[in-house]
Amino acid sequence: MNRLASSFGVVGAGLAAGGFIAYTLAPDKLWLVTLCEGLALVCLVVYFVARFEALKAFSTRRSTRLGANSILMVLLFAAILAIINFLAARHTMRWDLSETQHFTLAPQTHRVLRGLTREVKVTVFSQERSPSFNTYRDLLDGYKQDSDKLKVEFVDPERRPGVARQYGVTRVDTAVVESGPQTTRVTAPSEAELTGALIRVAKDAKKRILFLDGHGERGIADQERNGMALAKEALTKQGYEVGTVSLLQTSAVAEGTSVLVLAGPQRPVTKEEKDRIAHYVAAGGHLLILLDPESQADLEDLLRQWGVEAGQGILVDMQDRLAQGDLAALMVRTFTEHEITQDFNFAVLFPLSRHLVFHEEAGKDWDFVPLARTSARSWAVKNLKGNVLTLNEKEDIPGPLPLAAAMTPKKPQEEGKPRAAIVIVGNSSFASNTYINFPGNTDFLLHALGWLAEERELISIAPKEPAFRPFIPNPTQERLLLYVQVFFLPALTFLWGMTIWRKRRRL
């Protein structure tokens, strides 16, 4: 009789486990789960009825009570942990205890995330061993706390090259941000870059960038070495609408133009065109001028309105130049702290450049910020036919010299009106098809155009510097740490364990 009852108990336990497994594997087959659990219930009831007296005697034993008490304590502890994890998963809280609030997002980012009206997907192409992977993950984890419309996916381009090809990603640590018809890319894992990308894709209207045409400028449809087709492609991927404009055929720069670009004009720009450009800037327009040495564009009077002069000669640099390359192939690494150059850690290759001169009196209404400079071992050569290995103090202009600058009016911005901005670079070939893929060149062009085209207050999210406060104990603290960590805590643990062991032996 006892053997038969035990068999019912074993079969009942087996059916109960089988029903649970069936539910996890095929939750839609409820009839099977119900059958297993029902049979299990019948078998277990039969077992308990048949073995009731034995179970009653077993439950009255002292060891059984103690064992049941231990099991109950374990179950209660497990239940508490399960409840805590359940609540934590649904009500996530984050505390930033760092001294500089390094992991706290800027108020601008919170506003952008709370204002999202449609789903945004961020696909990060990075690898776990890359430092940028953790930066992306920490930032995006914080972003997801503010908006349930943000979806994030990490893709290892080595393990999933097909996905990288599908997105046209050729560079590791690139994030593609998509929303509706808008797509843009981020190559630097910073809050300013990610928030700027969210702003761009969240808007249906695209920023329009127009390139001036008709003066021998670099063509945005030109696939040859001197063209800017690759630059146009990069801008299109950033979500911009890119086109050309001829100010000889129109009376003014079209309304809605975010940035007007003069990409290395070689032939003279007429007075009427310069007047239209000046009027566009005076009305709050944004202008990017790329100037080459020995250009015949005749822009001196236009630049003079803002206090700028395109320096004479060609820049050479004995220190910051392309290895084994021409002395005029500058590898500029010195950047001024500015919204355009923040988080900028690449050198920019400027082949055959000219410097800029700012006249304080003529440009008294403008803030002039040199973005990039040559090294102290550089100068502007006015006669390249001679020996350029030494500075000719009579003719040449000694460095360091600025070759890129950003300008904004000193006058405070009037409410409801756009604020003018100008970026001037003494080189245009850095953005050509030949050099645009050089590390740093694409970023410099995109940063400059992004600063000109985007809302300034959102781009100006400052990077947070991590605080480093090493703990260096004095001799007294060293001895105190030795006594506490090496002697006191191990001894306390040993005595506590011995006390519990002795108490349990007396039970």
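**Helix α10 and the sheets of the predicted model**

The buried residues of helix α10 comprise Glu273, Lys274, Ile277, Ala278, Tyr280 and Val281. Around the helix axis these residues cover an arc of only 155 degrees, which places them on the same side of α10. On the other side of the helix, Lys271, His279 and Ala282 are exposed. The structure described here is a predicted model, and the values reported for α10 were computed from that model. The buried residues of α10 pack against five strands and one helix by name: β5 (208-212), β7 (257-263), β8 (286-290), β15 (366-373) and β19 (421-425), together with α11 (300-304). The length of α10 was also examined. The helix runs over residues 271-282, and at 1.5 Å a residue its 12 residues should span 16 Å; the end C-alpha atoms are 16 Å apart, so the expected and computed spans agree. Just after α10, Gly284 adopts a positive phi of about 100 degrees.At the level of the whole protein chain, 14 helices and 19 strands are present. The C-alpha trace spans about 115 × 65 × 50 Å along its principal axes. A compact globule of 507 residues would have a radius of gyration near 23 Å, but the value for the protein chain is 35 Å. Of the 507 residues, 41% count as buried. Among contacts in the protein chain between residues at least 6 apart in sequence, 72% join residues at least 24 apart.

A second helix, α12, was examined in the same terms. Helix α12 covers residues 441-453, and its 13 residues should span 18 Å at 1.5 Å a residue; the end C-alpha atoms are 18 Å apart, which agrees. This helix is mostly covered, with 13 of its 13 residues buried.

Strands of a sheet pair through backbone hydrogen bonds, in either a parallel or an antiparallel sense. One open sheet of the model contains 4 strands in the order β2-β1-β3-β4, with mixed pairing. Strands β2 (150-155) and β4 (182-186) stand at the edges and have a single partner strand each, so one side of each is left without a neighbour in the sheet. From one strand to the next, the twist averages 15 degrees. Strand β1 (residues 120-125) pairs with β2 in the parallel sense over 6 bridges, and within this pairing Val120 stands opposite Leu150 of β2. Helix α8 (residues 191-202) packs on the sheet, where it touches β1, β2, β3 (174-179) and β4. The direction of α8 makes about 170 degrees with that of β4.

Another open sheet has 3 strands in the order β10-β16-β17, and its pairing is antiparallel. Its edge strands are β10 (314-317) and β17 (397-398), each of which pairs on one side only. Strand β16 (residues 378-381) is joined to β10 by 4 bridges, the two running antiparallel. In this pairing, Val316 has Trp379 of β16 as its bridge partner, and Asp317 stands opposite Ser378 of β16. Towards β17, strand β16 forms 2 bridges, again with the strands running antiparallel. Trp379 stands opposite Pro398 in β17.

The orientation of side chains was then considered for β16. In a regular strand the side chains alternate between the two faces of the sheet. In β16, Ser378 and Ala380 point one way, whereas Trp379 and Val381 point the other way, and all are buried.

Within strand β10 lies Leu315. The relative accessibility of Leu315 is 0%, and this residue therefore counts as buried. Not counting residues up to four places away in sequence, Leu315 touches Leu327, Ala328, Leu330, Ser353, Arg354, His355, Thr374, Trp379, Ala380, Leu401 and Leu403. Among these, Trp379 and Ala380 point in opposite ways from β16. Leu315 and Asp222 are 93 residues apart along the chain, and their C-alpha atoms are separated by 27 Å.

Note on methods
Residues are numbered from 1 along each chain as its sequence is written. This is a predicted model: local features need pLDDT of at least 70, side-chain atom pairs count only at pLDDT 80 or more; totals for chains, interfaces and linings use all residues. Side-chain values use heavy atoms; hydrogens and water are left out. Two strands pair if DSSP finds at least two bridges between them. Axes are lines fitted to C-alpha atoms, for helices over the stretch in contact, and angles run from 0 to 180 degrees between N-to-C directions. Contact means heavy atoms within 4.5 Å. The expected span of a helix is 1.5 Å times one less than its number of residues. Buried means under 20% relative accessible area, exposed over 50%, partly exposed in between (1.4 Å probe, protein chains only). The arc is that of the directions from the helix axis to the C-beta atoms. The radius of gyration is taken over C-alpha atoms; the globule rule is 2.2 Å times the number of residues to the power 0.38.
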